[in-house]
Amino acid sequence: MSSTAGKVIRCRAAVAWEAGKPLVIEEVEVAPPQAMEVRIKIVFTSLCHTDVYFWEAKGQTPVFPRIFGHEAGGIVESVGEGVTDLAPGDHVLPVFTGECKECAHCKSEESNMCNLLRINTDRGVMLHDGKSRFSINGKPIYHFVGTSTFSEYTVVHVGCLAKINPLAPLDKVCVLSCGISTGLGATLNVAKPPKGSTVAVFGLGAVGLAAAEGARIAGASRIIGVDLISSRFEEAKKFGVTEFVNPKEHNKPAQEVLAEMTDGGVDRSIECTGNVDAMISAFECVHDGWGVAVLVGVPHKDAVFKTHPINLLNERTLKGTFFGNYKPRSDLPSVVEMYMNKELELEKFITHTVPFSEINKAFEYMLSAKGLRCIIRMDE
């Protein structure tokens, strides 16, 4: 065990004291891990749009003060009671959802939606005792989706940690903790485009480009990007996108444009925007008889999906996915190996790197749409 095992660790963390205000680097106390928990040293973390969304606290329950962050790579510092498959020194990716390996979902080969550890954005404490492991002067600082990686040390449930190849560079594979795996898995695990097929990707942000990367890996012959920002096409070419459609530039629905381009419809489509109109277009643009549409984006809580039932009766398939259907502990190590074997290219997703002391710059990059992923270097 490490020399700090069982002791409180004092370290730096970027604390969000209130919604929309710059994060403040504070000295926090991080308690030892309790039963089925692991304390890890974060080496690199990344900023995802989900962090920004909940930091802005628009439309959800605000929980402050809070330590955000959920895409990261770290090293196990100590483990709590009952943890047997991780040890100090192991390299891990913390994940916003988990895999208890005991519930019906975890035992099913068809699901990754763990009953115990499924994402909960409102909970700011640990499951074991309903308390936070972070504090400042005795006052709790709340967790975010069970990870809170904007801290030099954090405590995570063992079921939300994927043990990975220690040779994998954490400054690259840390982006696999959320968005990149979500898009990649949506294509490879759910849409499953046959080699030579035609794929449409709606939304060319990080998740959409990861979906396109999956189509490239699968051997799709045509990858059509659909986005309202035409300037994104140039960047998207790096991820295999061969053609581009901006719905605003046409006087007919995007699904009709795509059907005309592809002799009746694309073989597969992946929707990565969360806009319900894009979701409908993504479903209605797939070819009858064999077309499959996969919804990835999270819609507004009041959104309603409407389409004519004949679209389903004509043998189009509509699917949803959560975290690309990857089981975090079982499947993420193999995604890391895809990168190590040069099958998956992660460098092109990373546009900026900043030191931890300048973490607010990462938010500026995200808000100004100047980058896909900004890596935050913890050790300055």
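Helices, here, are DSSP runs of H or I with at least four residues, and strands are runs of E with at least two, both numbered from the N terminus. Counted in this way, the protein, which is a predicted model, has 11 helices and 17 strands.

**The whole chain**

Begin with everything displayed as a C-alpha trace, which spans about 65 × 40 × 40 Å along its principal axes. The radius of gyration is 21 Å, which agrees with the value near 21 Å that a compact globule of 380 residues would have. If you colour the residues by accessibility, the buried ones make up 54% of the 380 residues. If you then draw the contacts between residues with a separation of 6 or more, 69% of them are accounted for by residues 24 or more positions apart.

**Helix H11 and what it packs against**

Next select residues 359-367, which form helix H11, and show the side chains of Ile359, Ala362, Phe363 and Met366, which are buried. Turn the view until you look down the axis of H11: the buried residues fall within an arc of 100 degrees, so they line one face of the helix. To see what lies against these buried residues, add strand E1 (9-15), strand E2 (24-30), helix H1 (49-56), strand E16 (350-355) and strand E17 (373-377), against which they pack. Before leaving this helix, step to Ala369, just after H11, where the backbone takes a positive phi of about 60 degrees.

**Strand E17: Arg373 and Cys374**

Strand E17 is worth a stop of its own. Select Arg373 in strand E17 together with Glu71 in strand E4 (residues 71-79), a pair that links distant parts of the chain, 302 residues apart. Their side chains meet in a salt bridge, at 2.9 Å from N to O, and both Glu71 and Arg373 are buried.

Now move to Cys374, which is also buried, with a relative accessible area of 5%. Where is the nearest cysteine sulfur to that of Cys374? It belongs to Cys174 and is 10 Å away, and Cys374 is in no disulfide.

**Cys48, Cys178 and helix H4**

Select Cys48, a buried residue with a relative accessible area of 5%, and bring Cys178 into the same view. Why is there no bond between these two cysteines? The sulfur of Cys48 is 4.0 Å from that of Cys178, its closest cysteine sulfur, and this is too far for a bond, since a disulfide requires the two sulfur atoms to be within 2.5 Å. By this rule, the count for the structure is 0 disulfides.

Keep Cys178 on screen and add Thr182, which is in helix H4 (residues 179-191). The side chain of Thr182 reaches the backbone oxygen of Cys178 at 2.9 Å. Thr182 is buried, with a relative accessible area of 12%, and, when its neighbours within four places in sequence are left aside, it is in contact with Val207, Val296, Phe323 and Gly324.

**Arg222 in strand E11**

Continue to Arg222 in strand E11 (residues 222-226), a residue that counts as partly exposed at 24% relative accessibility. Beyond its neighbours within four places in sequence, Arg222 is in contact with a set of residues that includes Ser197, Thr198, Val199, Met261 and Thr262. The C-alpha atoms of Arg222 and Ser197 are separated by 6.8 Å, although the two residues are 25 apart along the chain. Show the side chain of Glu243 as well, because a polar contact of 2.7 Å joins it to the side chain of Arg222.

**Salt bridges elsewhere**

Side chains of opposite charge can pair when their charged atoms come close. A search of the whole structure finds 21 salt bridges, and a few of them complete the tour.

- Select Lys21 and Glu18, whose closest N and O atoms are 3.6 Å apart in a salt bridge. Lys21 is partly exposed, with a relative accessible area of 42%, and Glu18 is likewise partly exposed, at 43%.
- Select Glu234 and Lys237, whose side chains meet in a salt bridge at 3.3 Å, N to O. Glu234 is exposed, with a relative accessible area of 53%, whereas Lys237 counts as partly exposed at 43%.
- Finally, select Glu213, Arg216, Glu345 and Lys348 together, which are joined into one network by salt bridges that share partners.

Definitions and conventions: Residues are numbered from 1 along each chain as its sequence is written. This is a predicted model: local features need pLDDT of at least 70, side-chain atom pairs count only at pLDDT 80 or more; totals for chains, interfaces and linings use all residues. Side-chain values use heavy atoms; hydrogens and water are left out. Buried means under 20% relative accessible area, exposed over 50%, partly exposed in between (1.4 Å probe, protein chains only). The arc is that of the directions from the helix axis to the C-beta atoms. Contact means heavy atoms within 4.5 Å. A salt bridge is a side-chain nitrogen of Lys or Arg within 4 Å of a carboxyl oxygen of Asp or Glu. A polar contact is a pair of N or O atoms within 3.5 Å; within protein, one must be able to donate a hydrogen and the other to accept it, and residues adjacent in sequence count only if both atoms are side-chain atoms. The radius of gyration is taken over C-alpha atoms; the globule rule is 2.2 Å times the number of residues to the power 0.38.
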